[in-house]
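Let us take a friendly walk through a protein model. Have the structure open beside you, and follow along as each part comes up.

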Amino acid sequence: MSEVILDIRNMNVALGPHLAVKDVNYQIHAGEILGIVGESGCGKSLTSLAIMGLLDNKLNLSGEILFQGENLVGMSEAHYQRVRGEGIGMIFQEPMTALNPVVTVGEQVAEMFLVHENVSKAEAMNRAIEMLKQVHIPFAEKRAKAYPHELSGGMRQRVMIAMALACKPKVLIADEPTTALDVTVQAQVLDLLEELRETTGTAIQFISHSLGVVSQISDRVMVMYAGQVVELADVNDIFDNPQHPYTQALLDTIPRVGVDIERLPAIPGSVPPLDQRGENYTFRDRCPDLFNHYQQVAKERNLGIRSK
Ligand SMILES: Nc1ncnc2c1ncn2[C@@H]1O[C@H](COP(=O)(O)OP(=O)(O)OP(=O)(O)O)[C@@H](O)[C@H]1O
Ligand SMILES: [Mg+2]
């Protein structure tokens, strides 16, 4: 496999005595798309914000985040500003809060060039319009003059992608970039991200609570439950041979051709808040019967007793 570009080692994010992210380890290789999946509250966004150096002050980060071999944990803000944008770009979960409502989208993309590259205002705006074209925003010159609220959700998401990719980062973190969009627009944004990976070689950390969405775009998939990585494997292995009961439970919530819709099970309950997880809380504590059932299924599959 290609060179490791981002190497997360023993990452913990603590809120007082509670761990929201617990001993997380993974790597992203140049040009790959790594999907991160898990229900709400599993720590997907905190893992991403930690990488970007944007965690809330009350949260405590430990471990190592090696970007091209350099540890970002504890790095000065000035240094970090250079890493953001040029090294690692991020598309945030809420485009409306991440975009400035009183600045045109063209100016917001142009700002990326003004901050990170030594260019004139006019040149920055030209580059911004080029970026808007690259993410397939029609009538880019005209749309550049629009304010965020004047654009549809899908177009706003494209503006966010343009901003994140403006300075050609090596890694793009996309935090639920399609969750607020309808399925057709969702598919267009996924296609765009894949196209950009092909043309720019950017590696992508793609986050979603939906394993169905993640599987459409990812090379490998990392499954998180309550702050921990429970499984990390090639996307085909996740589907054909899931090892962890939580992965299997998520898989069974995806509608599939030939499966009776009425029998599609939802996972009972939800991920508890941090202060109600107990010290060694796992998925087994939430659904002991389901956990044992799926563990048995995986065991039998590994022994070749079950085909799927
Ligand atoms: N700033 C914060 N202060 C305190 N607790 C937080 C903060 N941000 C997140 N948490 C808690 O940490 C846990 C993980 O949150 P995170 O936002 O990473 O989840 P997520 O997997 O991104 O969920 P979602 O799918 O809803 O976006 C949750 O229990 C959440 O309530
Ligand atoms: Mg989130």
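Strand S3 is covered on both of its faces: Ile33, Gly35 and Val37 are buried on one side, and Leu34 and Ile36 are buried on the other. Counted along the strand, that makes five of five residues buried in S3, which spans residues 33–37. Keep in mind as you look that this is a predicted model.

Which strands pair with S3 in the parallel sense? Strand S8 (residues 203–208) does so over five bridges, and strand S9 (residues 220–225) runs parallel to S3 and is joined to it by four bridges. You can find one residue pair for each: Ile36 has Ile207 as its bridge partner in S8, while Gly35 stands opposite Val221 in S9.

**An open sheet**

Now turn to another group of strands. Four of them form an open sheet in the order S2-S1-S4-S5, with antiparallel pairing. At the edges are strand S2 (18–29) and strand S5 (70–71), each of which pairs on one side only. Helix H1 packs on this sheet, where it touches strand S1 (4–15), S2 and S4, and its direction makes about 65 degrees with that of S2.

Look next at the S5 edge. Strand S4 (residues 59–67) and S5 pair in the antiparallel sense over two bridges. There, Phe67 stands opposite Glu70 in S5.

Two residues of the sheet strands deserve a closer look. Asn10 lies in strand S1, and Asp23 has its place in strand S2. Asn10 has a positive phi in spite of being a residue other than glycine, and Asp23 likewise has a positive phi although it is not a glycine. Here are their values:

| Residue | Phi | C-beta neighbours inside 10 Å |
|---|---|---|
| Asn10 | near 50 degrees | 11 |
| Asp23 | about 45 degrees | 14 |

Are these residues buried or exposed? Asn10 counts as exposed because it has 11 C-beta neighbours inside 10 Å, and the cut-off for exposed is 12 or fewer. Asp23, with 14 such neighbours, counts as partly exposed.

**Around the ligand**

How many residues surround ligand 1? There are 16, and the closest are Ala20, Ser40, Lys44, Ser45 and Leu46. Helix H1 (residues 44–51), already met on the sheet, gives the most to this shell, with three residues. By type, the shell around ligand 1 divides into seven nonpolar, seven polar and two charged residues.

**A second helix**

Helix H2 covers residues 77–87, and Val83, Arg84 and Gly85 are buried in it. What covers the buried residues of H2? The cover includes S4, strand S6 (88–91) and helix H4 (105–116).

**The whole chain**

Finally, step back and view the whole protein chain, which has 13 helices and 10 strands. Its radius of gyration is 20 Å, close to the 19 Å that the globule rule gives for 308 residues, so the chain is as compact as a globular protein of that length. Along its principal axes, the C-alpha trace spans about 65 × 45 × 35 Å. Buried residues make up 39% of the 308 residues. Among the contacts with a separation of 6 or more, 65% are between residues 24 or more positions apart.

Terms used: Residues numbered from 1 in each chain as written. Chains lettered and ligands numbered in written order. Predicted model: local features only at pLDDT ≥ 70, side-chain atom pairs only at ≥ 80, totals over all residues. Near = placed C-beta within 6 Å. Nonpolar A, V, L, I, M, F, W, Y, C, P; charged D, E, K, R; others polar. Pairing = 2+ DSSP bridges. Contact = placed C-beta atoms within 7 Å. Axes fitted to C-alpha atoms, helices over the stretch in contact; angles between N-to-C directions. Buried ≥ 20, exposed ≤ 12 C-beta atoms within 10 Å, placed from the backbone. Rg over C-alpha atoms; globule rule 2.2 N^0.38 Å.
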